[in-house]
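Please open the model in a viewer and keep the selection panel at hand. The stops below proceed from one selection to the next.

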Amino acid sequence: MTSRRTLLKGTLFGSAAALLPTAASASGGGSILRLPAPAGPYPVGMQTVCLTDPARTDPWVGGVRELMLTFLYPARSVRGFSRAPQLTPGEARVFAEYAPHVHPGLPEPGAVDWGAVLTHGYVGAPPLPGRRPVLVYSPGGGDSRTLGTTLAEDLASHGRVVVLVDHPGDASQVELPTGMRTTVLTGPPDKATFRTMVDTRIADLRLVLDRLSDLPLAPVMDSCRIGLYGHSAGGTAAVYAARGDRRVGAVANLEGYLDLYPPVGFDRPLLLFRTDGFEGAARIESSWASLPGRRVLLADANHWAFTDYGSFVARLQTAGLVTATTRAALVGTGDPVVTLAEVRRQVGTFFARHLS
């Protein structure tokens, strides 16, 4: 789903708890945003992995298909390990240039130090022993995987292994070992482009599931307890990927349309979660009408409240860096602390119930 998206969507991060309007980081001037801390009992470890699929040709640029993944997981200890930055320096530069073009009203370059934002994931921290449920996340169309960090860290802090998947080509920016990839999207995709995007994401998600047993965290991942979740086009892809794959035990769709293919034969637990402010609500409801599943409405919210936008946009408004109109269009008018708590509660409870 790419409503109101043009050029690069960008990767944005923030906090419902802290914005330091006058702070400057070592990487340059500008305000510094902080991500909300996860609420679970475990510290969070982080590892980044690149996957290649020699059997597939990248539909956007040709050549071997490449993916970047971030693994978040409960750590045994984080002593002596460092927190990971949200963006690499190169990704931060790309984002800063394009963000105000994607969503007019977002801060111009230099107003926020995007490269200084830290996650709560400690790079290379040893995983807590035990077999954990695995949750695989697909971001919204045009988004980078890192836009889902806040929810993913919270899920990991409650005892799951979470895999954030980037989809190079439609993702805003992805720094691969072979170089920086930026989105091919130049506006809302036509039907053929959207189909290519979703079909590519479905294949990407299945590749991740195929390779889980070969990855470094395989000893702590329980292949009998796998869930998929996604935002917008990522929710669309998650449902369609699970429909034909018995490895997936439950799916959470965060406001993704399901009218690309007939939604028949879906027999796994399904969370259908939408906001009350999204302009595509009528189409969402129509495309979900024939599906069984738990339906939840997020009040006083808009489409990107499911992502890290939900935490930082209100703080940017408080700092005078975005207007009330921009905030409402992106995340709605609700209290960001309340909204974040509800998203965490609904998604976490859903997977706890069905992947226990």
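Select Pro109 to begin: with a relative accessible area of 38%, this residue is partly exposed, a class that lies between buried (under 20% relative accessible area) and exposed (over 50%), computed with a 1.4 Å probe on protein chains only. The model is predicted, so local features need pLDDT of at least 70 and side-chain atom pairs count only at pLDDT 80 or more, whereas totals for chains, interfaces and linings use all residues. Residues are numbered from 1 along each chain as its sequence is written, and side-chain values use heavy atoms, with hydrogens and water left out.

Pro109 is placed in the loop between α1 and β6; helices (H or I, at least four residues) and strands (E, at least two) are DSSP runs numbered from the N terminus. Beyond its neighbours within four places in sequence, Pro109 is in contact with Ala96, Glu97 and Pro100, contact being heavy atoms within 4.5 Å. Now add Val61: the two residues are 48 apart in sequence, and their C-alpha atoms are 28 Å apart in space.

**Aromatic pairs**

Stay with that loop and select Trp114 together with Phe95. These two rings form an edge-to-face pair, with 4.4 Å from centre to centre and 90 degrees between the planes. Phe95 belongs to helix α1 (residues 89-102) and Trp114 to the loop between α1 and β6 (118-123), 19 residues apart, and the pair thereby links distant parts of the chain. Both Phe95 and Trp114 are buried. Rings of Phe, Tyr and Trp (its six-membered ring) pair if their centres lie within 6.5 Å; planes under 30 degrees apart count as stacked, over 60 as edge-to-face and the rest as tilted. Extend the selection to Trp304, Tyr309 and Phe312, which form one aromatic cluster with Phe95 and Trp114.

Next, select Tyr257 and Phe278, a tilted aromatic pair at 6.3 Å centre to centre with 40 degrees between the planes. Tyr257 lies in the loop between β12 (248-254) and β13 (270-275), and Phe278 in the loop between β13 and α5 (281-288), so this pair ties together parts 21 residues apart in sequence. Tyr257 is buried at a relative accessible area of 9%, and Phe278 is buried at 3%.

Which charged end sits over the ring of Tyr257? Select Arg283, whose charged end is 3.6 Å from the centre of that ring. The rule requires NZ of Lys or CZ of Arg within 6 Å of the ring centre and within 35 degrees of the ring normal. At Tyr42, the charged end of Arg132 sits over the ring, 5.6 Å from its centre.

**The cores**

Select Phe273. Apart from its neighbours within four places in sequence, its contacts include Trp288, Phe306, Gln346 and Val347. The largest nonpolar core has 48 residues, and Trp114, Val162, Tyr229, Phe273, Tyr309, Val347 and Phe351 touch the most other members. Such a core is a set of buried Ala, Val, Leu, Ile, Met, Phe, Trp, Tyr and Cys residues joined through side-chain atoms within 4.5 Å. A second, separate core of 47 residues includes Leu67, Val134, Tyr240 and Ala242.

**Two covered helices**

Select α4 (residues 233-243). Of its 11 residues, 10 are buried, so α4 is largely enclosed by the rest of the structure. The cover over its buried residues includes β7 (132-138), α3 (191-211), β11 (221-231), β12 and β13.

Move to α6, which is mostly covered, with seven of its 10 residues buried. The buried residues in α6 are Tyr309, Gly310, Ser311, Phe312, Val313, Ala314 and Leu316. Just after α6, Gly320 takes a positive phi of about 80 degrees.

**A last exposed stop**

Finish at Pro219, in the loop between α3 and β11. Is Pro219 buried or exposed? At 57% relative accessibility, Pro219 counts as exposed. Leaving aside its neighbours within four places in sequence, Pro219 is in contact with Gly130 and Arg131. Add Pro269 to the selection: the C-alpha atoms of these two prolines, 50 residues apart along the chain, are separated by 26 Å.
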